[in-house]
Amino acid sequence: MRYSKALIPTVKEVPSDAEIPSHQLMLRAGLMRKVASGTYTYLPLGWRTLLKVMNIVRDEMNKSGAQEILMPSVQPMELWQQTGRNVDYGPTMAHFTDRHGRENVLAPTAEEVVTSIAAGEINSYKQLPINLYQISFKFRDEFRPRFGVLRSREFIMKDAYSFHADGASLDETYKVMYETYKRIFSRCGLKYAIVEAESGEMGGSGSHQFTVPCESGEDIIVQTEDGSYAANIEKAPVDALPAVKTNKTHKPVEEVHTPNRKTIDEICEFLKVDAKELIKTLVYKSGSDLILALVRGDFEINPEKLRCTVGKSIELADEDTIKTLTGAEVGFAGPVGITSKVNKLVIDHSVLTIEAGITGANKTDYHIKNVVPGRDFPLEGKNVIVADIRNAVEGDMYQGKKLIFKRGIEVGQVFKLGTKYSAKLGAKFLDKDSTEKPCIMGCYGIGINRIAASAIEISRDDDGIIWPISIAPFEVIITPAGNGEDITSAAERIYKELTDGGTEVLLDDRDVRGGVKFKDADLLGIPIRITIGAKSIAENCAEIKLRGEKEITKVPLAQIKEKTLQLIEKLKSACSG
RNA sequence: CGGGGUGUAGCUCAGCUUGGCUAGAGCGUCUGGUUUGGGACCAGAAGGCCGUAGGUUCGAAUCCUAUCACCCCGACCA
């Protein structure tokens with residue numbers, strides 16, 4: 001492609017509403033432009049990169065035996081009602097009413113549609129297993145789009161769904177996908193980490209997340225010091241802190257007046273105590289069940305862990321429910337005296353480190369002190385569970401090893417779904433033993449845009465992007481520096497030679513000074529730069545420079561093509577993992 | 001959704017506190033010339049319903065009200 005004809009609107013100044021490096025560079029290098037909050041138009045260079053990513057994904061998915069399909073972006077709300085996920089997704093799901101009054105969903109994902117296809121078309125174990133995937137736009141009405149392409153309202157996702165007759169078959173495909181993902185991310189030139197994850201709203205059991213560690217990541221990943229275990233923060237387990245055991249007799253529970261002091265911070269300040277002495281009490285609902293969750297004041301409840309402990313989906317109770325349960329305003333809940341009124345009491349291990357603590361009195365403007373776990377509220381019993389339900393924090397251990405925390409960008413996740421969708425949508429098959437069973441499912445997602453953005457996050461310098469060659473918009477940029485006829489014709493000749501050979505070349509034929517071309521070439525991040533100037537042409541040479549390196553190599557014109565092809569091969573092999 | 005902030009040229013922003021000439025700068029764009037290996041220089045030019053709608057005033061980019069858009073922070077509170 002000729003630069004003079006291409007739409008590559010580079011900008012010198014950093015766009016004011018771009019915070020993180022990838023977002024700034026994607027705008028500065030002319031890869032995309034914002035249309036509205038969380039939506040972008042991809043310009044030629046940006047789209048070329050996305051196409052390359054998609055092609056790698058498609059190639060590896062096909063090799064894995066998956067079959068590509070395409071499902072609609074507009075889906076009937078009824079499908080979502082059948083699985084109840086319209087409620088789970090809530091306001092994040094974009095939807096609209098059509099002229100006939102029907103509710104439609106702009107697909108945030110496609111489990112429902114693909115499962116209804118399976119329900120219609122798969123009848124026998126002989127058709128299983130099967131893995132169907134698509135690469136398509138997804139829509140999420142994010143409460144707050146940000147970080148450019150990393151959290152946008154519209155994005156491109158590869159989503160795959162596998163159907164199985166039994167768990168062993170699911171395990172097998174899961175493993176194949178896991179390996180396929182490793183190859184995909186390696187080929188895209190990413191350095192990634194694989195961590196254990198929760199399946200969350202997706203339902204099911206077993207999940208791994210593929211993340212690219214970097215400062216701008218929104219996810220927190222936790223690993224043991226020796227790297228033997230890694231998980232995301234929603235999942236990461238912690239060793240229980242040593243529980244206190246004394247035979248000391250404690251003073252009886254005593255009320256303290258805490259007018260209008262509701263939060264942990266306010267109480268600590270008012271009573272001049274450490275948060276470690278407080279027992280934080282949260283009320284959750286699960287359907288009509290009430291769940292009381294306790295954690296030490298300096299920790300946070302991890303809702304995913306709580307959900308797993310309870311075994312059902314949960315949500316924080318609303319104000320009225322809390323008032324009815326505790327008889328007090330929100331902010332003064334405590335476990336003492338109300339445990340018989342809830343369906344479950346879940347106590348985090350950390351509470352056992354408290355000998356005699358402070359908690360809400362279930363009476364507006366009052367807390368109580370000298371609260372002894374086990375004496376003033378039960379630690380065991382039919383509906384009492386002591387478990388790990390808090391977030392890991394700096395200083396925590398797991399399996400006796402120190403935990404370290406990093407930020408990462410989630411670029412892919414694989415899930416074992418089980419029968420959550422197939423059971424509800426009637427995706428059943430007739431097994432060998434002539435019984436009808438719901439298909440066992442897995443699903444596997446990859447964020448295409450996020451691959452591009454995270455590649456930039458981890459591979460750039462002050463001058464611009466440094467693309468891995470596998471997803472670079474062009475492999476080679478030719479920058480003639482100078483106006484001499486010999487320079488121009490040499491550049492044209494090399495351009496033609498390489499292009500005819502199938503190399504993707506951008507020829508900077510603009511009538512601008514050399515400096516401008518070099519600055520833009522660096523900003524665009526094209527891996528190989530061939531420069532032809534007055535000095536080198538006099539020696540019948542051109543210069544080759546790699547974007548990621550300082551070194552400039554002078555190469556005779558006759559050998560440019562061969563040398564370039566060698567370099568492309570070398571750079572490509574570095575991306576093969 | 002709660003809190004904060006910003007809307008002025010294609011981009012980055014000044015001007016607004018204290019209302020008053022024809023609304024500014026840098027970058028970019030166009031024309032001519034000089035330049036030509038790391039974002040050149042000179043001369044000239046185009047480009048604005050000062051987000052939108054009301055209001056106050058002799059007079060509003062500037063003050064008031066409403067509204068929209070965008071950005072940041074938070075949404076685990078007991």
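This is a short dialogue on reading a predicted model of chain A with RNA strand B.

Reader: Where do the domains of chain A begin and end?

Author: Start with the assignment. Domain 1 covers 15-236 + 405-456, domain 2 covers 254-387, and domain 3 covers 474-574. Note that domain 1 is written as two segments.

Reader: How far apart are the C-alpha centres of domain 2 and domain 3?

Author: Those centres lie 67 Å apart. Set that beside the whole chain. The C-alpha trace of chain A spans about 95 × 65 × 50 Å along its principal axes.

Reader: How many helices and strands does chain A have?

Author: The count is 15 helices and 32 strands. Next, look at burial. Of the 577 residues in chain A, 44% are buried.

Reader: What share of the contacts join residues at least 24 apart?

Author: The share is 72%, taken among contacts between residues at least 6 apart in sequence.

Reader: Now the RNA. Which residues are closest to RNA strand B?

Author: Pro303, Leu316, Gly514, Gly515 and Gly533 are the closest, out of 52 residues that surround the strand. Then ask which elements contribute. Strand 14 (279-286), helix 13 (514-524), strand 30 (528-533) and helix 14 (534-538) each give two or more residues to this surface.

Reader: Which element gives the largest share of the surface near RNA strand B?

Author: Helix 13 does, with eight residues.

Reader: How many of the residues there are nonpolar, polar or charged?

Author: The surface near RNA strand B has 21 nonpolar, 15 polar and 16 charged residues.

Notes
Residues numbered from 1 in each chain as written. Chains lettered and ligands numbered in written order. Predicted model: local features only at pLDDT ≥ 70, side-chain atom pairs only at ≥ 80, totals over all residues. Domains from an automatic or database assignment. Helix = DSSP H or I, 4+ residues; strand = E, 2+ residues; numbered from the N terminus. Buried ≥ 20, exposed ≤ 12 C-beta atoms within 10 Å, placed from the backbone. Contact = placed C-beta atoms within 7 Å. Near = placed C-beta within 6 Å. Nonpolar A, V, L, I, M, F, W, Y, C, P; charged D, E, K, R; others polar.
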